[in-house]
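These are my notes from one pass through a structure. I took up cavities, then cysteines, then aromatic rings.

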Amino acid sequence: MTGFEAPGLQMSALLPASGLLLLLLFLGLRIARSASARFVVFACWLRFMLSTFHVYTFDEVVGTMSLTALGSASLFLLGLLLLPKAMLFGRGVMAVYLVIAAIFLSALANGALLAAFEPVTKFGLFLMIALHSYRALKVGDERQFGLALLLSFSPLIVFQLLSLAFDVPKMTEGTGGESYIGGYYHEAAFSIGVMALLVMVAIERSLPAALKLLILPLGLASILLANYRTAILATAPLMIYYLLVGITRPIDPRLRGSVAALAGIGIIVAVAVSVMTLERFSDLRTIAQGETSIIKPPNEFTEADANVLSGRGQIWSEYVYKWLDGSELRQLVGYGPESWEEYFPVYAHNSFISYLFEYGLVGLAALIFLFAAGVAMSLKARSNRWKLLAAHLSFLVVNLATMPFWLIEGNIVYGLIWGYTLFYCAERRPASAQAGLRPYFKEVEV
C-alpha cells in the first residue's frame, strides 16, 4: 500500500459482518418506540454502512450522484415525510434556515443554483436528525431511544475491529502514521462518526452508568486508533467535563466545586503536557512557540511551513487571500457553493474559512450565529447544561481544522447534539410556567 489510499475490507470479512450488523439494526428498530426514533437509528446505521463500502458507493450511478449522495438525499426526504410539518417552523431551528438562505443567496449571485443542492441536502439531513431526535426523546422512553441508537453505531466499532484483525490500515496524511478506520475512505469521517457515539453516550442521562463506563473508553480507544489529531483534540471538552463529574460525584456537595476546580486544573495540565511532548502534536508546539505564522500570503510559505498541521496553514491562507482578491460582491456572498473545486485541489479544512470563501461574510455570519444559537440553548437547559455546552464546544473545535458539515457524519453528530439540546431546553419549565413564553415548537402531535 502506498500513498494515502483507503483500502476497503475484504469481502470475506465484510459480508458476514454485514449480516450481523443487519440483525443489530433490526434489534435497534424493534427497541425504538416511535417512527422518529426508528428513523434516526436507521439513518445513522445506513450512513455508516455506505461509508464502509466506499469502494463501491462512491462511484457515480445517476448523473454525477453516487450511491452515498443518493442515500443522503433519500434519508432527508424520508425524514421530511415522517415529520409533522409544524415542527419545521419552530423558532428553535430558525438559525439553520439562515445558513440555508446564505447558501441560496450565494448560489443565486453566482448563477450556480444546482450547486446548492448538495450542501442544502446535507443541512436538510442535519435538521431531520435534530428534529427526529428531539421528537423521539419527547414521545418515547429516553433509555429505549438511547439503547436503540447505540446499536446504530455498531458498524463503526465492528468494522474497525476487523481492520485491526486483518491489518488493513490507511496511511494518515501528513504524518505517515497508520489509521485503523474499518474500510472508511478518510479518518476524518470515521472519527467524527465515533465522536457522535461519544457525544450521545455522555449526554444521554438514562443509560446505565456501567454501560457508559464500558462504551466511553471504547470510543476513546477507537478515536486513538483512527489517529485523527483533530478529533482527538475535539473530544477533550466533553471528556474533561465527564471526568470531572465522575471524580466529584461521591464528594460532599459543599466541597464539590473546589475539588472540581483542582481536578480540572490537573486534567488541563496533563493534556497540555501531552500536547507539548507527544510527537503527534509537534506541529502545535511549533505554532505555540511562534516559529511560523498560520495565515500569511501563500507565496511566503517555506517548505517547512507547508508541512505544519498537514499543510493547513497554507491551505487556509490560499482561501483567505483568494477571497480578499475577489470583488465586493464576492466578499459579501462568496464564490458560490462547492466553488472551491474550481480554484483549489483540496477543501479548506476549516468551516469558517470555507464559508467565508464560498458564502462570503453573509455565510460566515450565518454559521457563527448557528453555533451561537446552539450554545445559547444549551445554557438554558435545566439538566445536562454543562454536558451540552461541552458537546457544542467539542463540535466547534472540529470545525477549526476540518469541515464536518461537508461530511454526512458531521451532520449526524451535530444533529444529535442539537436534538438533545432542543429536548433538554423544552423541559426547562413545566407547561404551566411557560404561559406567555414563545415555545421552541408549536404544539403539535409529536
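I looked up the largest cavity of this predicted model and got a volume of about 130 Å³. My search covered the whole structure and returned six cavities of 30 Å³ or more.

Next I listed what lines the largest cavity. The residues are Pro119, Lys122, Phe123, Glu338, Ser351, Ser354, Tyr355, Glu358, Tyr359, Met403, Phe405 and Trp406. I sorted this lining by residue class and counted seven nonpolar, two polar and three charged.

Which helices each supply at least two residues of that lining? I found α6 (117-139) and α19 (351-380). The largest share, five residues, comes from α19.

Cysteines came next. I searched the whole structure for disulfides and found zero. I also checked two cysteines for burial. Cys44 has 0% relative accessibility and therefore counts as buried. Cys425 has a relative accessible area of 3%, so I entered Cys425 as buried too.

I then turned to aromatic rings. The count came to 29 aromatic pairs. I wrote up two of these pairs in detail.

The pair I took up to begin with was Phe371 and Tyr414, with 5.8 Å centre to centre and 65° between the planes. I logged this pair as edge-to-face, the class for planes over 60 degrees apart. Phe371 belongs to helix α19, while Tyr414 sits in helix α21 (residues 408-426), so their contact ties together parts that are 43 residues apart in sequence. Are these two rings buried or exposed? Phe371 is at 7% relative accessibility and counts as buried. Tyr414, at 0%, is buried as well.

The other pair was Tyr420 and Tyr424, which is tilted, with 6.1 Å centre to centre and 35° between the planes. Both residues lie in helix α21, and their spacing of four residues is about one turn of the helix. I checked burial here too. Tyr420 has a relative accessible area of 1% and is buried; Tyr424 is buried at 0% relative accessibility.

Last, I looked up how aromatic residues group. Phe123, Phe126, Phe352, Phe371, Phe395, Phe405, Tyr414 and Trp418 form one aromatic cluster. I noted that the cluster includes Phe371 and Tyr414, the edge-to-face pair entered above. Two of its members, Phe123 and Phe405, are also in my list of residues that line the largest cavity.

How values were computed
Residues numbered from 1 in each chain as written. Predicted model: local features only at pLDDT ≥ 70, side-chain atom pairs only at ≥ 80, totals over all residues. Heavy atoms only, no water. 1 Å grid on protein atoms, 1.4 Å probe; cavity = no way out; pocket = protein on both sides within 12 Å on 5 of 7 lines; lining within 4 Å. Points joined across faces, edges and corners; volume = space filled by probe spheres on them. Nonpolar A, V, L, I, M, F, W, Y, C, P; charged D, E, K, R; others polar. Disulfide = S-S within 2.5 Å. Buried < 20%, exposed > 50% of the residue type's maximum accessible area, 1.4 Å probe, protein only. Phe/Tyr/Trp six-rings, centres within 6.5 Å; stacked < 30°, edge-to-face > 60°.
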